[in-house]
There are 2 protein chains.
Amino acid sequence: MSLIVQKFGGSSVKDAQRIRNVAGIIAETYLEGNDVLVVLSAQGDTTDDLIAKAEEINPHASKREMDMLLSTGEQISVALCAMALESMGLPCISLAAWQVGIHSTSVHSDARIRKIDTERIQAELDQHRIVIVTGFQGVDRSGDVTTLGRGGSDTSAVALAAAFRASLCQIYTDVDGVYTTDPRIVSNARKLEEITYDEMLELASQGAQVLHNRSVELAKKFRVNLEVVSSLERKPGTKVKEVTKVEKTNIAGVAKDTSIARVALVGLQHNPGVAFQVFDLLSKHNINVDVILQSIGREDTKDITFTIHKKDLEEAEDVLNEHKDALRFDHIEADEHIGKVSIVGAGLMSNCGVAAKMFEALYEAGINIQMINTSEIRVSVLLDEEDVNRAVKAIHAKFFDET
Amino acid sequence: MSLIVQKFGGSSVKDAQRIRNVAGIIAETYLEGNDVLVVLSAQGDTTDDLIAKAEEINPHASKREMDMLLSTGEQISVALCAMALESMGLPCISLAAWQVGIHSTSVHSDARIRKIDTERIQAELDQHRIVIVTGFQGVDRSGDVTTLGRGGSDTSAVALAAAFRASLCQIYTDVDGVYTTDPRIVSNARKLEEITYDEMLELASQGAQVLHNRSVELAKKFRVNLEVVSSLERKPGTKVKEVTKVEKTNIAGVAKDTSIARVALVGLQHNPGVAFQVFDLLSKHNINVDVILQSIGREDTKDITFTIHKKDLEEAEDVLNEHKDALRFDHIEADEHIGKVSIVGAGLMSNCGVAAKMFEALYEAGINIQMINTSEIRVSVLLDEEDVNRAVKAIHAKFFDET
């Protein structure tokens, strides 16, 4: 008998009909002879409704009390789902995170899971009950309720799968898997059967929104077999694994990100440590820097160019200008109208033809590359924002239409 | 520094404005230098909304999962109330029953409080925080959430007041105290300044709906100073105590109950044990019997008359008719159109003039008495249902207008 963890997001449990649908998926898995551990998010709009209630009373409520309030959302979901399974005559029990013992740090609204007690859940599984656990939440050392922040329910599911050595952790969403690129841009985008943890991580951080980075990192660390699958259609999803088919030579996908801005510090003095000073300053203001490029400028100066999130642009310019004398640069050039397109694939950089193929596609489409940045399994290019979708199409066609 | 427990019901916290009002009352008590322990019910319609959600999915959901679902209601209330107090700059913390350690029996939907841990709350009070606790709920030995059934939040408040030896337990409602009778029937009904536990118990069980019996019994047992007070108007309420003013000679109030039916078993054989057989049979079917009267019938038979709740009438008749041969009665006479009017007052029966005064009032009003039943501090009469309100007015006038 193998244990399967199934996680359903807010839209999958948004009303009575969807909850019955979810109960049907769970029942099927259970009746096939598996132990089933279910993790649920709050119903569709519940969290937003609760936030609205809080803001009417106190727009600056403490995070501790917000967690106390919001954690009721998942508790409602698990109780309702248990009732749906009861109506099908299936043995089941709902448990809140504090009942399980999902121990977390005390950082309210953004806690990290420290440890999961297995005793209570195991006792219920031993009685052949389907166990339904609140996602997104934990309990800290003082017994206070915490929430896990963005991607929290996925993280709960993967952490439970790791703690119970589940044979599979299924993440049910309203898409049916991970695609080679955004199907809204490229109509013949293909669903991937398999993807490696690293590829999924790069795709997630390069703009694909199927799984949150945290849950993929955790899955990689504990070698949890992940599967992204649709709660609305019964068809195979995408498996996220340590190693995928050896014969695979193609890239996993094409991702885009248009939320970035480019900043260039022009005419920096050639003294050592200036790059450190620039990025130390930005990090002290919580400004995340992505692609960095340093080039030799005119005469004895150099230029440093980097990308940041659009929302941080104004603050970055202010901070840098304030320290203009210490940093000794000539001026700042900023550009909000850029975008990043990336290809991701295991072993990509050890196969030099792959990057060249990407550049060829862009050349053929007449698209100018501003900057290039690479990792072991990713190549990203910076482009004019208006070229982004055209670039995605061209690159996707190059890699997937010709194979 | 004294500790005051304040309990607010669902209508007192039904929206943001009411919650702010409640926070104002709490703040005032706290700023007068008291420790404050607050107990809240779920907001106005929350419980009904949650029940509707459950019924859409499973009209026969287990009580265990209903408790899991419904207990979110009070958790929402306490978090929102804490946020309101935070916005006033007051130190506070909300706690669910499981965080406090309000240990209960495992009878879901109707649990009894077994024990209250004082450690967590005391630690918060020691830091001069206002502590806001979910009423109506507990946690059982296995760590499952329970709810306490009717009057549950009042019971939570009184139990906490007992555990912490609070100097006062205030029950805030939308009426401003306990009245000599229902102000909707008698416009000059008077608010009582004080009432004894026993009087309150008799009034509550005779139809007055201000406090639930359970909480009054608990208050009596642990000598908790109770006060019923309005959350909407700032004026003195009614104090419930062990002993009230010694000089008090009048009754505490007049109560009515029209939810009862009268059943008479006519022509029972005169054999011993027949009364036991009848009431044993009814109790086995969970039918509560109130007033019982046994009279000598024609020839060698007797009649047994008793009252039960209207809703139980049909089942009682069926059960008794099924056992007609064993019980050996002639026939059943049932009457749904009756009502009960009671006067309640400490020391009432040791003052024989009091009962006579009640009968005099009914005689003057031309109202026929069907049955009479008395306790140490109560006299109840059974009347035609249509005479009930007139009887209440006449008796109230006799006792309160003439004094």
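Helices (H or I, at least four residues) and strands (E, at least two) are DSSP runs, numbered from the N terminus. With that in hand, let us work through some exercises. This is a predicted model, in which local features need pLDDT of at least 70, side-chain atom pairs count only at pLDDT 80 or more, and totals for chains, interfaces and linings use all residues. Residues are numbered from 1 along each chain as its sequence is written, while chains are lettered from A and ligands numbered from 1 in the order in which they are written.

**Exercise 1. An unusual backbone angle**

Find where A:R223 is located, and decide whether A:R223 is buried or exposed.

*Solution.*
Step 1: Look in the loop between α8 (213-221) and β11 (226-230) of chain A, where A:R223 is found.
Step 2: Learn the cut-offs: a residue is buried if 20 or more other C-beta atoms lie within 10 Å of its own, exposed if 12 or fewer, and partly exposed in between, with C-beta atoms placed from the backbone.
Step 3: A:R223 has 11 other C-beta atoms within 10 Å, so A:R223 is exposed.
Step 4: Check the backbone. Most residues other than glycine have a negative phi. A:R223 is not a glycine, yet its phi is positive, about 50°.
Step 5: Turn to chain B. B:R223 sits in the loop between α8 (213-221) and β11 (226-230) of chain B, has a positive phi of about 50° although it is not a glycine, and counts as exposed with 11 C-beta neighbours inside 10 Å.

**Exercise 2. Two residues of chain B**

Classify B:D303 and B:N250 as buried, partly exposed or exposed.

*Solution.*
Step 1: Place B:D303 in strand β16 (residues 301-309) of chain B. There are 18 other C-beta atoms within 10 Å, so B:D303 is partly exposed.
Step 2: Place B:N250 in the loop between β12 (238-241) and β13 (253-257) of chain B. Because 15 other C-beta atoms lie within 10 Å, B:N250 is partly exposed.
Step 3: Add a distance for each. B:D303 and B:K398 are 95 residues apart along the chain, and their C-alpha atoms are separated by 34 Å. For B:N250 and B:V5, 245 residues apart in sequence, the C-alpha to C-alpha distance is 30 Å.

**Exercise 3. Helix pairs**

Describe how α2(B) packs with α3(B), then do likewise for α3(A) with α2(B) and for α1(A) with α3(A).

*Solution.*
Step 1: Know what to report. Two packed helices are described by the angle between their axes and the distance between the axes. Axes are lines fitted to C-alpha atoms, for helices over the stretch in contact, and angles run from 0 to 180 degrees between N-to-C directions. Angles under 35 degrees count as roughly parallel, over 145 as roughly antiparallel, 65 to 115 as roughly perpendicular and the rest as oblique.
Step 2: α2 (residues 46-57) and α3 (residues 63-87) of chain B have axes 9 Å apart, at an angle of about 150°. α2(B) is therefore roughly antiparallel to α3(B).
Step 3: α3(A) and α2(B) have axes that come within 9 Å and cross at roughly 30°, so α3(A) is roughly parallel to α2(B). Here A:L80, A:M83, A:A84 and A:S87 meet B:K53, B:A54 and B:I57, where a contact is two C-beta atoms, placed from the backbone, within 7 Å.
Step 4: Inside chain A, the axes of α1(A) and α3(A) come within 9 Å and cross at roughly 60°. Among the α1(A) residues in this contact are A:I19 and A:R20, and among those of α3(A) are A:L80 and A:C81.

**Exercise 4. The two chains together**

Work out which helix gives the largest share of the side of chain A that touches chain B, and how chain A is laid on chain B.

*Solution.*
Step 1: Count the contact: 26 residues come from chain A and 26 residues from chain B.
Step 2: Find the main contributor. α3(A) supplies the largest share of chain A's side, 13 residues.
Step 3: Superpose the copies by least squares on the C-alpha atoms of residues with pLDDT of at least 70 in both. A turn of 179° and a shift of 0.1 Å along the axis lay chain A on chain B with an RMSD of 0.2 Å, which means the relation is that of a two-fold axis.
Step 4: Locate the axis. In chain A, the C-alpha nearest the axis belongs to A:T72, at 2.6 Å.
Step 5: Compare the surfaces. The same surface serves both copies, as 100% of the contact residues of chain A recur in chain B.
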